[in-house]
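Me: Please take a close look at one part of this model: a nonpolar patch on the surface. Then work outward from there. Short sentences are fine.

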Amino acid sequence: MPQESTSSSMVQRLRLRAANYIKGLQRECPESVPYTLAVYNTRSLSSSSENKETLMRQTSVASNLPAQPLSSSKLSDEALREDMIRKHFTSRIAELNTKLQEVDSKAAYNYAECRALHKQLVHSSAIRSKGIQELQAADETIKQLQDELTTTSNNYTKQLSAMSDHLCEVNDKLLKQTDELEGLRKSKGKRWGK
């Protein structure tokens, strides 16, 4: 009787572990940060302060240069050339600033994505290690149950063997007693028959 309660409690524990393991597998993985949200966050943080200030300083420096008098055609050509260079560099600075914002946005998105993947990896590793521990515990329980089954089977085999031997002995005793009774009946019959 004690073996039955032990094995049934082990079976219940195994069933509970299996149910918990299945529940763990059915959990949804956390989603990563959407690209548009990462772009929005990056633009609102970095581009609003540093990049605008840098651009404003560069354009104000370029536009506040003193105008030179146009006394000769040579000076007007130089002024025209300086104006063209100023416009070119101003547009180039604006273009590079836009590209910098895009690169910052992509970097923020990739960083957020890496963080989400790292969290997911840590979570998966924890689930994996827990699963390995549960598998080892289940293997130990299975070995214990197999040992109990072998012991129970051996005990039943020994009991059946002992019962068979006992039945053979009882059968032999009954045959001897039957032979003795037959012998006594025959001897009584011979006495009365004389």
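Reply:
**The nonpolar patch and its surroundings**

Tyr21, Ile22 and Leu25 make a nonpolar surface patch of about 290 Å². Keep in mind that this is a predicted model.

Take Ile22 as the way in. Ile22 sits in helix H1, which covers residues 2-25. Its relative accessibility is 44%, so Ile22 counts as partly exposed. A patch member needs over 30% relative accessible area, and Ile22 has 44%.

Now set the patch against the whole chain. The exposed area of the chain is about 16300 Å², and carbon and sulfur atoms supply 59% of that area. Of the 194 residues, 10% are buried. The chain has 3 helices and 0 strands. Read from the N terminus, the order is α-α-α.

What does helix H1 meet? Sequence separation gives a hint. Take the contacts between residues at least 6 apart in sequence: 88% of them join residues at least 24 apart. Thr141 offers one local example. Thr141 belongs to helix H3, residues 73-193. Leaving out residues up to four places away in sequence, Thr141 touches Met10, Leu14 and Arg17. Helix H1 spans residues 2-25, so those three contacts of Thr141 fall within helix H1. Is Thr141 buried or exposed? Its relative accessibility is 9%, so Thr141 counts as buried. The cut-off for buried is under 20%. Ile22, at 44%, is partly exposed instead.

Next, the cysteines. How many disulfides does a search of the whole structure find? The count is 0. Cys114 has 49% relative accessibility and is therefore partly exposed. Cys168 is partly exposed too, with a relative accessible area of 47%.

Then the charged pairs. The whole structure holds 5 salt bridges. Several lie along helix H3. Asp83 and Arg86 pair through their side chains, at 3.5 Å from N to O. These two residues are 3 apart in helix H3, so about one helical turn separates Asp83 from Arg86. Asp83 is partly exposed at 26%. Arg86 is partly exposed at 24%.

Lys99 bridges to Glu95, with closest N and O atoms 3.6 Å apart. Here the spacing in helix H3 is 4 residues, again about one helical turn. Lys99 has 43% relative accessibility, so Lys99 is partly exposed. Glu95 has 37% and falls in the partly exposed class.

Further along, Glu182 forms a salt bridge with Arg185, and the closest N and O atoms are 3.6 Å apart. Both residues lie in helix H3, 3 residues apart, about one turn. Glu182 is partly exposed at 37%. Arg185, at 57%, counts as exposed. One network also appears: Asp83, Arg86 and Lys87 are joined by salt bridges that share partners.

Back to the starting point. The patch is formed by Tyr21, Ile22 and Leu25, and Ile22 lies in helix H1. Helix H1 also holds Met10, Leu14 and Arg17, the residues touched by the buried Thr141.

Definitions and conventions. Residues are numbered from 1 along each chain as its sequence is written. This is a predicted model: local features need pLDDT of at least 70, side-chain atom pairs count only at pLDDT 80 or more; totals for chains, interfaces and linings use all residues. Side-chain values use heavy atoms; hydrogens and water are left out. Buried means under 20% relative accessible area, exposed over 50%, partly exposed in between (1.4 Å probe, protein chains only). Contact means heavy atoms within 4.5 Å. Accessible areas come from the Shrake-Rupley method with a 1.4 Å probe; for residues, only the protein chains shown count as cover. Patches are made of residues with over 30% relative accessible area and no salt bridge: like charges are joined within 9 Å, nonpolar side chains (Val, Leu, Ile, Met, Phe, Trp, Tyr) within 5 Å. A salt bridge is a side-chain nitrogen of Lys or Arg within 4 Å of a carboxyl oxygen of Asp or Glu. A disulfide is a pair of cysteine sulfur atoms within 2.5 Å.
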